[in-house]
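Let's take a walk through this structure together, one spot at a time. Keep the 3D view open and turn it as you read.

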Amino acid sequence: MNTTKNVLLINAHLTYPNRSEGLLNQVFHQKAKDFFLSKDFEVLETKVEDGYHDIEVEKHLAADIIILQTPINWFSTPWIYKKYVDEVFDDGFIKSTFFENDGRTRQDPTRQYGTGGKMMGKKFMVSSTWNAPQESFGNSDQLLYEGRSTTDALINITTTYRFCGVEIVPDYNCFDIYKDGDISDTLERYPEHLEKVFNLS
């Protein structure tokens, strides 16, 4: 019996020459790849900027774990990732592989919106890079996020997967990348986070 597990690593960085070349997100992407290869996973990869095809639906269906590596540009992912989601998840909808419906039925009014997913058993995680310092989150005295967590800030990304039945695991974040963030330490601790949230020790 084949017990090999599959992980899909999606890199959503969008290059802006001489301003944002994508090196940091690529380093985190590679760190995850090396980690999962060391755990005998089959690694599937998509760099959104390089293009993608119909096979993205099949990649999602094959994956046990899906990780999005993304910069946070203007408080969300680069626009190419939204385009990717629109196209890939619409395709999954047309093929009835990601979800059956929104979960509600007239016969059973107790069924909640968002319970019609068909991708149960899979796990999704966001790994992101921020200009914002870590102190911006979880503190109601902070002006911008008003006490909200990174999980709250990323909900527009994770809800798409939750709608399809995928379990969301805690995100991982590299903060304050242009000023005082400890990028080396955050990168070094990344495999420990992956091991913990995916129970791979």
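Start with two helices that pack against each other in this predicted model: H3, which covers residues 79-94, and H5, which covers residues 155-163. Two packed helices are described by the angle between their axes and the distance between those axes. Here the angle is about 10°, and the axes sit 12 Å apart. Angles under 35 degrees count as roughly parallel, so H3 is roughly parallel to H5.

Which residues actually make the contact between H3 and H5? On the H3 side, look for Tyr81, Val85 and Phe89. H5 brings Ile157, Thr160 and Tyr161. Sort the residues of this contact by type and you get 5 nonpolar, 1 polar and no charged.

Now for the pockets. The largest pocket has a volume of about 580 Å³. It is lined by 24 residues, and if you want to find its centre, head for Ile72, Asn73, Asn131, Ile177 and Tyr178, the closest of them to that point. Helix H1 (residues 23-38) gives the largest share of this lining, with 3 residues. As for the character of the lining of the largest pocket, it splits into 14 nonpolar, 8 polar and 2 charged residues.

Next comes the second largest pocket, with about 360 Å³ of space. This one has 18 lining residues, and those closest to its centre are Gln134, Asn173, Phe175, Thr186 and Arg189. Which elements each supply at least two residues of this lining? They are strand S6 (172-174) and helix H6 (183-197). H6 provides the largest share, 5 residues. By type, the lining of the second largest pocket divides into 4 nonpolar, 6 polar and 8 charged residues.

One last stop: Thr150, in helix H4 (residues 150-153). Is Thr150 buried or exposed? Its relative accessibility is 12%, and buried means under 20%, so Thr150 counts as buried. Who keeps Thr150 company there? Setting aside the neighbours within four places in sequence, Thr150 is in contact with Trp130, Phe137, Asp171, Asn173 and Phe175. Two of those names should ring a bell: Asn173 and Phe175 also turned up among the residues closest to the centre of the second largest pocket.

Technical notes
Residues are numbered from 1 along each chain as its sequence is written. This is a predicted model: local features need pLDDT of at least 70, side-chain atom pairs count only at pLDDT 80 or more; totals for chains, interfaces and linings use all residues. Side-chain values use heavy atoms; hydrogens and water are left out. Axes are lines fitted to C-alpha atoms, for helices over the stretch in contact, and angles run from 0 to 180 degrees between N-to-C directions. Helices (H or I, at least four residues) and strands (E, at least two) are DSSP runs, numbered from the N terminus. Angles under 35 degrees count as roughly parallel, over 145 as roughly antiparallel, 65 to 115 as roughly perpendicular and the rest as oblique. Contact means heavy atoms within 4.5 Å. Ala, Val, Leu, Ile, Met, Phe, Trp, Tyr, Cys and Pro count as nonpolar, Asp, Glu, Lys and Arg as charged, and the others, Gly among them, as polar. On a 1 Å grid over the protein atoms alone, a cavity is a set of points where a 1.4 Å probe fits but cannot get out, and a pocket is an open set with protein on both sides within 12 Å along at least five of seven lines; lining residues have an atom within 4 Å of a point. Grid points are joined across faces, edges and corners, and a volume is the space filled by probe spheres set on the points. Buried means under 20% relative accessible area, exposed over 50%, partly exposed in between (1.4 Å probe, protein chains only).
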